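User: I would like to learn how to read side-chain features in a model such as this one. Could we go through them step by step?

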Amino acid sequence: KRMDRNIIYADLLSCGDFIQYNNSCNSKQLLDEIKEFEWIKYNPRKDVKRYGLSVTSSDGTRNGVDLDSLYELSKEQGKIYDEDNFTTLTDVYHKSKEVQKLVDPWKPWLCRTHFLNFKKGGYFPPHIDSYKFGEQKFIRLIVPIKKCNPSFLYFVYEDKLLNFNRGYTYFLNTNKKHTIFSFSDDSTMLVMNIKCCKESIEQIHNLLLWK
């Protein structure tokens, strides 16, 4: 099964490392629908200006555990935490029709999903989201919601500067080096992790924008 996941992921990569999909939202309406929710420090162990809002969690509450570093959390708790430990939808999903538009196509395979807000100076340093050989368990989807392009935010993928169409869903192969730096207090995106399996890959192909 592990090798099967790698094979179907390779099939997805045959379409590219950065792919736009047809499902989208009204980003202004979405921001209005979630404006009353409290944002929590993302990866609070690091002094970086990033904040999160949970769309899924372990129990449906917004307790912030899913916004921690899974590596550090696993080390501290003495048990392995992964993207599929956080699959219960929170009230952020239930109270926003626009969030539902983005999430529902992936619902059967949905794992840890949250909004990220970068304040001015917020960043992710260069990194890769790597898995052990034969263990491509998850697929990363990103939806730019607000100020996710230069000169507000710079998303650098290997040696390329990415540009997004606001409100649309994108696949990104995060097994390659990428980094983010924000020059705005309002740069906001949705990050979805979905299980890598035959059915989820088929859905991804069904929703390709250009085909």
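Analyst: Let us begin with exposure: a residue counts as buried under 20% relative accessible area, as exposed over 50%, and as partly exposed in between. Please keep in mind that this is a predicted model. As a case, Tyr154 has a relative accessibility of 30% and therefore counts as partly exposed, and Phe183, at 46%, also counts as partly exposed.

User: Which residues of helix α3 are buried, and which exposed residues does the face turned away from them carry?

Analyst: In helix α3, which spans residues 70–77, the buried residues are Leu70, Leu73 and Ser74. Viewed down the axis of α3, these buried residues fall within an arc of 100 degrees, so they line one face of the helix. The face turned away from that buried side carries the exposed residues Tyr71, Lys75 and Glu76. Part of what covers the buried residues of α3 is β6, residues 110–118, and the residue that follows α3 is Gly78, with a positive phi near 75 degrees.

User: How many salt bridges does the structure hold, and how should I read a single one?

Analyst: The structure holds twelve salt bridges, where the term requires a side-chain nitrogen of Lys or Arg within 4 Å of a carboxyl oxygen of Asp or Glu. A case inside one helix is that of Lys101 and Glu98, whose side chains meet with an N to O distance of 3.0 Å. Both residues belong to helix α5, residues 97–103, and because they are three residues apart there, about one helical turn separates them. The two partners should also be read for exposure, since Lys101 is partly exposed with a relative accessible area of 45%, whereas Glu98 is buried with a relative accessible area of 2%.

User: What parts of the chain does the salt bridge between Arg140 and Asp129 tie together?

Analyst: The side chains of Arg140 and Asp129 meet at 3.3 Å, N to O. Arg140 lies in strand β8, residues 138–146, while Asp129 lies in the loop between β7 (123–127) and β8, so this pair ties together parts that are eleven residues apart in sequence. Arg140 counts as buried at 16% relative accessibility, and Asp129 counts as buried at 17%.

User: Where in the chain do Lys147 and Asp186 lie, and are these two residues buried or exposed?

Analyst: Lys147 and Asp186 form a salt bridge in which the closest N and O atoms are 3.6 Å apart. Lys147 is in the loop between β8 and β9 (153–157), and Asp186 is in the loop between β12 (178–182) and β13 (187–195), so the pair ties together parts that are 39 residues apart in sequence. As for exposure, Lys147 is partly exposed with a relative accessible area of 29%, and Asp186 counts as partly exposed at 31%. Salt bridges can also share partners, and in this way Glu83, Arg112, Asp129 and Arg140 are joined into one network.

User: How do I read a pair of aromatic rings?

Analyst: A pair of aromatic rings is described by the distance of the centres and the angle of the planes. The structure holds 13 aromatic pairs. One of them joins Tyr154 and Phe183, whose ring centres are 5.6 Å apart and whose planes stand at 80 degrees, so the pair is edge-to-face. This pair links distant parts of the chain, with Tyr154 in strand β9 and Phe183 in the loop between β12 and β13, 29 residues apart. Another aromatic pair, Phe155 and Phe164, is also edge-to-face, at 5.7 Å centre to centre and 65 degrees between the planes. Phe155 counts as buried at 1% relative accessibility, and Phe164 is buried with a relative accessible area of 7%.

User: What surrounds Phe155, and which cluster do ring pairs link it into?

Analyst: Phe155 is found in strand β9, and ring pairs link Phe18, Phe155, Phe164 and Tyr170 into a cluster. Leaving aside residues up to four places away in sequence, Phe155 touches residues that include Ile142, Leu162, Phe164, Leu172, Ile180 and Met189. The C-alpha atoms of Phe155 and Phe181 are separated by 6.7 Å, although these residues are 26 residues apart along the chain.

User: Which residues form a nonpolar patch on the surface?

Analyst: Tyr123, Phe181 and Phe183 form such a patch, with about 280 Å² of accessible area together. Phe183 thus returns here, a residue placed in the loop between β12 and β13 and partly exposed, with a relative accessible area of 46%.

Note on methods
Residues numbered from 1 in each chain as written. Predicted model: local features only at pLDDT ≥ 70, side-chain atom pairs only at ≥ 80, totals over all residues. Heavy atoms only, no water. Helix = DSSP H or I, 4+ residues; strand = E, 2+ residues; numbered from the N terminus. Buried < 20%, exposed > 50% of the residue type's maximum accessible area, 1.4 Å probe, protein only. Arc of directions from axis to C-beta. Contact = heavy atoms within 4.5 Å. Patch = residues over 30% accessible without salt bridge, like charges linked within 9 Å, V, L, I, M, F, W, Y side chains within 5 Å. Areas by Shrake-Rupley, 256 points an atom, 1.4 Å probe, with all protein chains shown as cover. Phe/Tyr/Trp six-rings, centres within 6.5 Å; stacked < 30°, edge-to-face > 60°.
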